[in-house]
Amino acid sequence: MNFVTLMLLCGGVLIVAYFTYGKYLERRLKIDSSRQTPAHTLYDGKEYIPTKTPVLIGHHFTTIAGGGPITGPIAAIVFGWLPAVIWIIVGSIFVGGTHDYASLQASVRHKAKSIGEVIKEYMGRRGQLMFLSFAIATLILIIGVFVILVANTFVSFPGAATASLLFIAVAMVFGLLVNQVRMNLVLATILGSIAMVGSIWFGLNFPIELSATAWSFILIIYAYFASVLPVWLLLQPRDYLNSFMLYFLIGGAFLGLLIARPTIQMPAFTGFYNSELGFLFPILFITIACGAISGFHSLVSSGTTSKQLDNEKNGRFVTYGSMLLEAFVAIIAIGSVAYLTMGEFSALMAQYNDPISVFSLGIGEFMNTWGLPVQAGITFTALAASAFLMTTLDSATRLMRYTVSELGESIHVKLLTNKHFATVAGLIGATALALSGTWQTVWPLFGAANQMLGALALLAVTMWLVKTKSKALFVIIPMIFMFIVTTSALLVMLYSNFMAQNYLLSVICFILFVMCVFLGIEGARSASNRDKPTDSTNLNA
């Protein structure tokens with residue numbers, strides 16, 4: 001089968017879904033463009049800022065995309081390309097897209113508060129504490145695994161490392177020009193884009209070669225500053241500028257695949273069991289997180305995006321549109337390796353030990369078909385992929401700071417509300433994780449925790465809808481499915497890690513499983529109590 005046929009078919013389905021199921025979600029969530037968003041009502045110039053849609057989608061898309069839509073599909077392709085493609089398409093349209101869009105609107109209707117605050121309102125303080133603890137654990141796993149992936153990419157492609165460091169400086173200058181000097185956005189974008197091209201050239205000619213450990217420490221330091229500096233100075237401009245590079249990557253890879261027209265060599269289906277990953281159910285559904293559904297997206301939607309949303313009507317484009325675009329990136333990631341035989345794929349994975357590097361090699365070869373030199377294409381792809389990873393890394397650190405602070409406020413521990421302490425406290429755990437494990441050992445646990453976080457976010461949205469006497473079936477069905485998948489996965493990993501004498505991971509799996517069960521019981525109890533009064537957060541308010 002030719003991959004172009006598959007890619008165009010998937011792209012067509014995603015476009016149709018945006019204009020049909022996306023509109024359906026809009027009606028279910030009762031979007032009102034005349035209702036002011038918290039970015040206006042709570043404007044403070046630091047966190048709550050009405051943001052132009054192109055800038056906001058640049059921040060949101062680059063933050064949620066991360067390396068997940070690349071790493072997960074490539075890792076899961078050992079089951080064959082067909083199960084991965086089906087889960088990506090169905091999951092992104094009916095589960096992940098719904099999750100992201102509904103989480104955003106739930107936050108916006110609650111003064112841009114986090115999903116934890118939504119749970120507190122409808123399930124009580126105990127439920128909030130459990131959710132916040134779960135979210136912090138998940139964010140530490142996210143930061144840890146993404147530090148590993150970025151460090152490995154920088155070791156494999158030192159030119160990308162140099163360019164990435166220069167991008168940070170370019171982004172900060174861009175942020176100052178736009179937000180302090182008030183330079184026209186278009187002019188600043190042109191200048192920023194030129195500076196980014198210069199950074200890539202400089203990176204190709206002056207690569208920085210360091211060990212993975214050294215890069216891990218540098219990335220942790222970067223994450224700290226990304227968390228505590230004003231959002232307009234580093235986080236927002238870096239994400240915005242990176243989005244153009246990512247759009248170019250998607251466009252360049254799409255064009256390269258169209259010209260190359262690679263034939264799929266990998267089998268469509270290899271079986272229900274893989275000796276390395278385990279059984280297809282539930283492992284496939286936690287290995288492919290971003291690209292189908294990711295609980296981390298709910299933290300982004302309710303953490304930074306809801307505080308910057310200019311108008312409710314833009315929410316579908318920013319969140320649901322980003323989720324479907326991410327799914328398309330996941331399809332391209334499959335194309336980057338599906339032209340190989342399973343033997344060739346296994347050999348490359350053994351050589352590079354990193355899906356991002358294998359993805360870069362494949363896309364670099366395809367972009368050569370329209371004239372980009374192979375090495376430049378590989379380095380650019382690695383750079384763009386690392387940019388994906390770093391935007392998730394910095395945003396996850398900032399979201400962890402928010403979450404730790406929220407926990408501190410809830411339990412009345414003032415020290416936890418200090419932004420520097422909250423950031424460092426979380427980074428210590430992430431650093432230990434990054435230095436002690438490989439992406440293969442951490443990824444499955446990250447996937448299970450991340451997907452369970454998605455189920456819990458859907459639970460919070462369900463509580464909001466049920467309590468406001470609104471139709472909630474469109475979130476209840478994906479919520480139940482994700483609960484079944486992730487609790488099953490945690491039990492499987494609990495058993496496998498215990499048998500492999502990985503007792504620490506076994507304990508973590510057990511704790512996460514107990515917390516999930518508890519929150520599920522709390523949600524069911526709360527949902528059965530329909531008499532609790534609602535306030536201004538009513539869906540129709």
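Reader: Why are helix 5 and helix 13 called roughly parallel to each other?

Author: This is a predicted model, and in it the axes of helix 5 (residues 81-108) and helix 13 cross at roughly 30°. Angles under 35 degrees count as roughly parallel, so helix 5 and helix 13 earn that name. Their axes come within 8 Å, and the crossing is right-handed.

Reader: Which residues of helix 5 and helix 13 meet?

Author: From helix 5 come His 99, Asp 100, Ser 103, Leu 104 and Ser 107. On the side of helix 13 they meet Gly 295, His 297, Ser 298, Ser 301, Ser 302 and Thr 305. Sorted by class, this contact of helix 5 with helix 13 has one nonpolar, nine polar and one charged residues. Leu counts as nonpolar and Asp as charged, so Leu 104 and Asp 100 fill those two classes.

Reader: And helix 17? What makes helix 13 and helix 17 roughly perpendicular to each other?

Author: Let's use the angle again. The axes of helix 13 and helix 17 cross at roughly 65° and come within 10 Å. The range from 65 to 115 degrees counts as roughly perpendicular, and therefore helix 13 and helix 17 are described that way. Their crossing is left-handed.

Reader: Which residues make the contact of helix 13 with helix 17?

Author: Helix 13 brings Phe 296, Leu 299, Val 300, Gly 303 and Thr 304, while helix 17 brings Thr 392, Ala 396, Leu 399 and Tyr 402. They divide into six nonpolar, three polar and no charged.

Reader: Where else do I find Tyr 402?

Author: Try the second largest pocket, where Tyr 402 is among the residues nearest the centre, along with Glu 47, Lys 307, Arg 401 and Ser 405. The pocket has a volume of about 660 Å³ and is lined by 31 residues. By class, 13 of the lining residues are nonpolar, seven polar and 11 charged.

Reader: Which helix gives the most to the lining of the second largest pocket?

Author: That is helix 17, with eight residues.

Reader: How many cavities of 30 Å³ or more are there, and what lines the largest?

Author: The count comes to one, and about 30 Å³ of space lies in the largest cavity. Its lining is Leu 249, Ile 250, Val 329, Ile 332, Phe 359 and Phe 388. Helix 11 (235-260) and helix 14 (315-338) each supply at least two of these residues.

Reader: How do you know which class the lining of the largest cavity belongs to?

Author: Check the names: Leu, Ile, Val and Phe count as nonpolar. The lining therefore has six nonpolar, no polar and no charged residues.

Terms used:
Residues numbered from 1 in each chain as written. Predicted model: local features only at pLDDT ≥ 70, side-chain atom pairs only at ≥ 80, totals over all residues. Heavy atoms only, no water. 1 Å grid on protein atoms, 1.4 Å probe; cavity = no way out; pocket = protein on both sides within 12 Å on 5 of 7 lines; lining within 4 Å. Points joined across faces, edges and corners; volume = space filled by probe spheres on them. Helix = DSSP H or I, 4+ residues; strand = E, 2+ residues; numbered from the N terminus. Axes fitted to C-alpha atoms, helices over the stretch in contact; angles between N-to-C directions. Parallel < 35°, antiparallel > 145°, perpendicular 65-115°, else oblique. Left-handed = near helix turned anticlockwise from the far one by under 90°. Contact = heavy atoms within 4.5 Å.
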